[in-house]
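Please walk me through this model in the viewer, one selection at a time. Tell me what to pick next and what is there.

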Amino acid sequence: LRYAPVAVILTDEKPEGAVQFKEGRWGCVAALFAGAAKGKTAVFDEKTFGCLGGGTGLGFGNQYVHFPGGIEYFISTGNPDLAGAPEGEAVVRRRPELAEGERYVKSPEEARKFVESLPVTRVPTTYVVFKPLDQVTPEERPALVSFLATPDQLSALVVLAHYDRGGERVVFAPFGAGCHTVGIIPLAEARADKPRAVIGLTDVTVRRLVDKDLLSFTVPYEMFLQMDANVAGSFLEKEPWDKIRRRNS
């Protein structure tokens, strides 16, 4: 891998020296996720999640209810009535997309269905931490492990995820914000009887924050341990994968 896998840890203890957004200041969760893959631990709490989408995506409840004019307009066609009103001018200066929308969803009605479908949750801890997996201590137990993978590496991860799961559909790539796909969506999978892996960081807005040939592949920690246990004797020890591995070395 080009970068370290990222452990997502739920904890009540704030790690020393971790990067953290200032309270009340805007920031993108995906940027700190990318930083964690490069070696920097990041920490978030209910007052320092960076943006309303980030707060929702990390598991600090439904922060979208605080979005000016409605998140369903922002991610679809915009809210020109609010944008043109005096009370909307300040909002548009901070978020110019409010006027015409991000156009990721066809209509506010469809966008509302998407938001309502999200597995919104409230984590049972004070902090959510992004930490390089190789820096996790024996006392820490991640909730999730997320890889930043090239297409070749993503292929191997998909195959390995299905290795002992028969005909199940074990991997999916949902629509959502970058933080949804490394946060609440795989966290929901961790609670499922048959958890799945989540391919993510397909959010066009955050693509500029990661290398152009990388996507995320996030699994609940128990699934990660099972995949790791399945490496021995698998295709990863055979010639076809070895040829692909060598071209990435």
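Start with the sheet of this predicted model. Select its seven strands: they form an open sheet in the order 2-3-1-4-7-6-5, with mixed pairing. Now colour strand 2 (42-44) and strand 5 (171-172). These two stand at the edges. Each has a single partner strand, so one side of each is left without a neighbour in the sheet.

Next, select strand 6 (residues 197-200) and strand 7 (residues 215-220). The two run antiparallel and are joined by three bridges. Click on Gly200, then look across to strand 7: Ser216 stands opposite.

Keep the sheet on screen and add helix 8. This helix packs on the sheet and touches strand 4 (144-149), strand 5, strand 6 and strand 7. Between the directions of helix 8 and strand 4 the angle is about 145 degrees. Then add helix 11 (residues 221-229), which also packs on the sheet. Helix 11 touches strand 4, strand 6 and strand 7, and its direction makes about 100 degrees with that of strand 7.

Now hide the strands and show helix 8 (residues 151-162) with helix 12 (residues 239-247). How do their axes cross? They come within 10 Å and cross at roughly 150 degrees. Angles over 145 degrees count as roughly antiparallel, and helix 8 and helix 12 are therefore roughly antiparallel to each other. The crossing is left-handed. Turn on side chains here. From helix 8, select Asp152, Gln153 and Ala156; from helix 12, select Trp241, Ile244 and Arg247, which they meet. By class, this contact has three nonpolar, one polar and two charged residues.

Move on to helix 1 (residues 29-37). Eight of its nine residues are buried, so helix 1 is largely enclosed by the rest of the structure. Select the buried set: Val29, Ala30, Leu32, Phe33, Ala34, Gly35, Ala36 and Ala37. What do the buried residues of helix 1 pack against? Show strand 1 (6-11), strand 2, helix 2 (52-58), strand 3 (127-132), strand 4 and helix 9 (178-182). Just after helix 1, click on Gly39: its phi is positive, near 115 degrees.

Finish on Phe33. Is Phe33 buried or exposed? Its relative accessibility is 1%, so Phe33 counts as buried. Leaving aside neighbours within four places in sequence, show its contacts: Val6, Phe130, Ser146, Leu148, Val182 and Leu201. For a last distance, pick the C-alpha atoms of Phe33 and Gly78: they are 28 Å apart in space and 45 residues apart in sequence.

Notes. Residues numbered from 1 in each chain as written. Predicted model: local features only at pLDDT ≥ 70, side-chain atom pairs only at ≥ 80, totals over all residues. Heavy atoms only, no water. Helix = DSSP H or I, 4+ residues; strand = E, 2+ residues; numbered from the N terminus. Buried < 20%, exposed > 50% of the residue type's maximum accessible area, 1.4 Å probe, protein only. Contact = heavy atoms within 4.5 Å. Axes fitted to C-alpha atoms, helices over the stretch in contact; angles between N-to-C directions. Parallel < 35°, antiparallel > 145°, perpendicular 65-115°, else oblique. Left-handed = near helix turned anticlockwise from the far one by under 90°. Nonpolar A, V, L, I, M, F, W, Y, C, P; charged D, E, K, R; others polar. Pairing = 2+ DSSP bridges.
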